[in-house]
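Work through the exercises below with the model open beside you. Each has a task and a stepwise solution.

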Amino acid sequence: MGLKINKAEIQTSQTMTLQLVGEIDNNSSIVLDREISGIAEGAASAIILDMEKISFISSSGIGVIVKSQNTLKAKGAELTMINLQPQVKRVFEIMQLTPVLNVCESREELDEYLRKIQDRIVEKGTSIYTEQ
């Protein structure tokens, strides 16, 4: 089926949502990696992967997401996934990655999470990874 990626800036140009449609397999994971890497090279402080229309993810796709999160974290930025389909979420759970990755169940949960990060940065002058 392949993968389609739609970009949408939300609130500021520093937060980019990638709405993903299709499957993240061995071939399409390369495309996703390039897309995320390109955004990460810019000024983005947060990349959100909207996984609502992803029906399948391979080990290569998981590898891209983990690598991307580590790359973004190293530059003080954030990678978050929202709207995971049950079969995709189960793969992350089996691999015991849900405690390590940022996963939000809905747009509302994501908005609350991002608000807390922004408040902490503004009020305390800390990075997104400083403990509260």
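Helices here are DSSP runs of H or I, at least four residues long, numbered from the N terminus. The model is predicted.

**Exercise 1. Two charged residues in one helix**

Task: Work out how R90 and E93 are placed in helix α3, and how their side chains meet.

Solution.
- Step 1. Helix α3 covers residues 86–94.
- Step 2. R90 and E93 are three residues apart in α3, so about one helical turn separates them.
- Step 3. An α-helix has 3.6 residues a turn, so residues three or four places apart point the same way.
- Step 4. The side chains of R90 and E93 meet in a salt bridge, at 3.6 Å from N to O. The cut-off for such a pair is 4 Å.
- Step 5. Check exposure. R90 has a relative accessible area of 46% and is partly exposed. E93, at 32%, also counts as partly exposed.

**Exercise 2. Salt bridges that link separate elements**

Task: State how many salt bridges the structure holds. Then find what E35 and D33 pair with.

Solution.
- Step 1. The count is four.
- Step 2. E35 pairs with K7, and their closest N and O atoms are 3.1 Å apart.
- Step 3. E35 sits in helix α1 (residues 28–40) and K7 in strand β1 (residues 3–10), so this bridge ties together parts 28 residues apart in sequence.
- Step 4. Compare the partners. E35 is partly exposed at 22% relative accessibility, whereas K7 is exposed at 53%.
- Step 5. D33 pairs with K67, with closest N and O atoms 2.7 Å apart.
- Step 6. D33 belongs to helix α1 and K67 to helix α2, so the pair ties together parts 34 residues apart in sequence.
- Step 7. K67 has a relative accessible area of 40% and is partly exposed.

**Exercise 3. Length and faces of α2**

Task: Test the span of helix α2 against the expected value. Then decide which of its residues are buried and which are exposed on the other side.

Solution.
- Step 1. Helix α2 runs over residues 59–74, which is 16 residues.
- Step 2. At 1.5 Å a residue it should span 22 Å.
- Step 3. The end C-alpha atoms of α2 lie 23 Å apart, which agrees.
- Step 4. The buried residues of α2 are G61, I62, V64, I65, S68, Q69 and L72.
- Step 5. They cover an arc of only 155° around the axis, which means that they are on the same side of α2.
- Step 6. S59 and A74 are exposed on the other side of α2.
- Step 7. Look just past the helix: G76 takes a positive phi of about 80°.

**Exercise 4. The nonpolar cores**

Task: Find the size of the largest nonpolar core and the elements that supply it.

Solution.
- Step 1. The largest nonpolar core has 28 residues.
- Step 2. Those with the most contacts inside it are L18, L20, L49, M51 and F92.
- Step 3. At least two residues each come from β1, β2, α1, β3 (46–57), α2, β4 and α3.
- Step 4. β3 gives the largest share of this core, five residues.
- Step 5. Apart from this core lies another, of five residues, including I48, I82, L110 and L114.
- Step 6. Now take M51. Beyond four places in sequence, M51 is in contact with L20, I24, I57, I65, M81, I82, N83, L84, Q85 and V88.

**Exercise 5. A threonine in a strand**

Task: Is T80 buried or exposed, and which residues does T80 touch?

Solution.
- Step 1. T80 is in strand β4 (residues 78–82).
- Step 2. Its relative accessible area is 2%. The limit for buried is under 20%, so T80 is buried.
- Step 3. Leaving out residues up to four places away in sequence, T80 touches I47, I48, L49, N102, C104, L110 and Y113.

**Exercise 6. Far in sequence**

Task: Find the C-alpha separations of E23 from I54 and of G2 from N27.

Solution.
- Step 1. E23 is in strand β2 (residues 12–24), and is partly exposed with a relative accessible area of 23%.
- Step 2. E23 and I54 are 31 residues apart along the chain, yet their C-alpha atoms are separated by 5.5 Å.
- Step 3. G2 lies in the segment before β1. At 27% relative accessibility, G2 counts as partly exposed.
- Step 4. G2 and N27 are 25 residues apart in sequence, and 8.0 Å apart from C-alpha to C-alpha.
- Step 5. Beyond four places in sequence, G2 is in contact with V21, G22 and E23.

Terms used:
Residues numbered from 1 in each chain as written. Predicted model: local features only at pLDDT ≥ 70, side-chain atom pairs only at ≥ 80, totals over all residues. Heavy atoms only, no water. Expected span 1.5 Å × (residues − 1). Buried < 20%, exposed > 50% of the residue type's maximum accessible area, 1.4 Å probe, protein only. Arc of directions from axis to C-beta. Contact = heavy atoms within 4.5 Å. Core = buried A, V, L, I, M, F, W, Y, C linked by side-chain atoms within 4.5 Å.
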